[in-house]
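Subject: Structure handover

Hello,

Here is the structure for your project. My notes on it follow below.

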Amino acid sequence: MLNVRSLQTYYGRIHVLKTVSLHLHPGEIVAVIGANGAGKTTLLKTLVGLLVQQSGTILFRDRDISHLPTEKRLQAGLVLCPEGRKLFGDLSVQDNLALGAFSRKDRQGIKADMQRLRDQFPILNKFWTRPASSLSGGEQQMVALCRALMSNPEVLLLDEPSLGLSPLLSQEILKAIVSLNRNQGLSVLLVEQNARAALKICHRAYVLETGRVVMEGEGRELLNHKGVQRAYLGKG
Ligand code: ATP
């Protein structure tokens, strides 16, 4: 589905991603964990073309998208839900969702997807006409997730969906992600500070350290790995 080979990204002269390779099969949740500054956000931004890679290849459904502009990658089904929500605070929940569908032309499909999301996430109905800025952090995160879903993703790239949320709300967001994966077959590349929660819900995971993948494995396997426990799970 997504096959990333030897990706390198710089900020000016700062070498942030140092030959990152990873893959995602259809229907998988794959987590990327790592310390602050490891390059997780940089990786997601590079995948959607918000940052230009220095070298490496991004194959999406066997097509090389490495040099496509962000909008084309979005239309192909590679969609980023960015860190910090980035909603349009003055706009209503409805309008924020409509913006998620800006690159789509199928009006009937857009209408049907909005209704489906309203049925699936009652919180949308509750605040449908309210400005997004008046919602709580967790509610805004749900709206951000739904806005990304309005772009019709094949693969959803999620950057820190539980950042700044209470444990209970974090659980709710992660539950919603699992449900989308199980019930709708959505493939997800999940970047999470909360390594334990991410490893619990993912099929596989990569550990990123200073711009390099230093370990990969099944979620369960990494949860039980002594080095991962020491470095990322606060054990030992
Ligand atoms: P966090 O968990 O704190 O969000 P991260 O793993 O997502 O961290 P990145 O945000 O990708 O890490 O940052 C990777 C490195 O790139 C860091 O050293 C950071 O300081 C640097 N960096 C990030 N954005 C910029 C920028 N706009 N200009 C220069 N350096 C940057």
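To begin with the ligand: a backbone N or O atom of T41 lies 2.8 Å from one of the ligand's oxygen atoms. Taken alone the ligand exposes 640 Å², of which the protein buries 60%. Please keep in mind that this is a predicted model, and that the distances and areas here are computed from it.

Two further polar pairs involve ligand oxygen. A polar backbone atom of G39 is 2.9 Å from an oxygen atom of the ligand, and a polar side-chain atom of N36 lies 3.1 Å from a ligand oxygen.

The shell around the ligand holds 13 residues, the closest being G37, K40, T41, T42 and Q193. By class, the shell has six polar, four nonpolar and three charged residues. Helix α1 supplies the largest share of the shell, with three residues.

That helix, α1 (residues 40–47), lies across β3 (29–33), β6, β7 (155–159), β8 (187–191) and β9, and runs at about 150 degrees to β7.

As for the sheet, six strands form an open one with mixed pairing, in the order β6-β7-β8-β3-β9-β10. β6 (78–81) and β10 (212–218) stand at the edges with a single partner strand each, so one side of each has no neighbour in the sheet. From one strand to the next, the twist averages 20 degrees.

At the β10 edge, β9 (residues 204–209) and β10 run antiparallel and are joined by six bridges. Within this pair, L208 stands opposite V213 in β10.

Regards

Definitions and conventions
Residues numbered from 1 in each chain as written. Predicted model: local features only at pLDDT ≥ 70, side-chain atom pairs only at ≥ 80, totals over all residues. Heavy atoms only, no water. Pairing = 2+ DSSP bridges. Helix = DSSP H or I, 4+ residues; strand = E, 2+ residues; numbered from the N terminus. Axes fitted to C-alpha atoms, helices over the stretch in contact; angles between N-to-C directions. Contact = heavy atoms within 4.5 Å. Near = heavy atom within 4 Å. Polar contact = N/O pair within 3.5 Å; in protein donor to acceptor, adjacent residues only side chain to side chain. Areas by Shrake-Rupley, 256 points an atom, 1.4 Å probe, with all protein chains shown as cover. Nonpolar A, V, L, I, M, F, W, Y, C, P; charged D, E, K, R; others polar.
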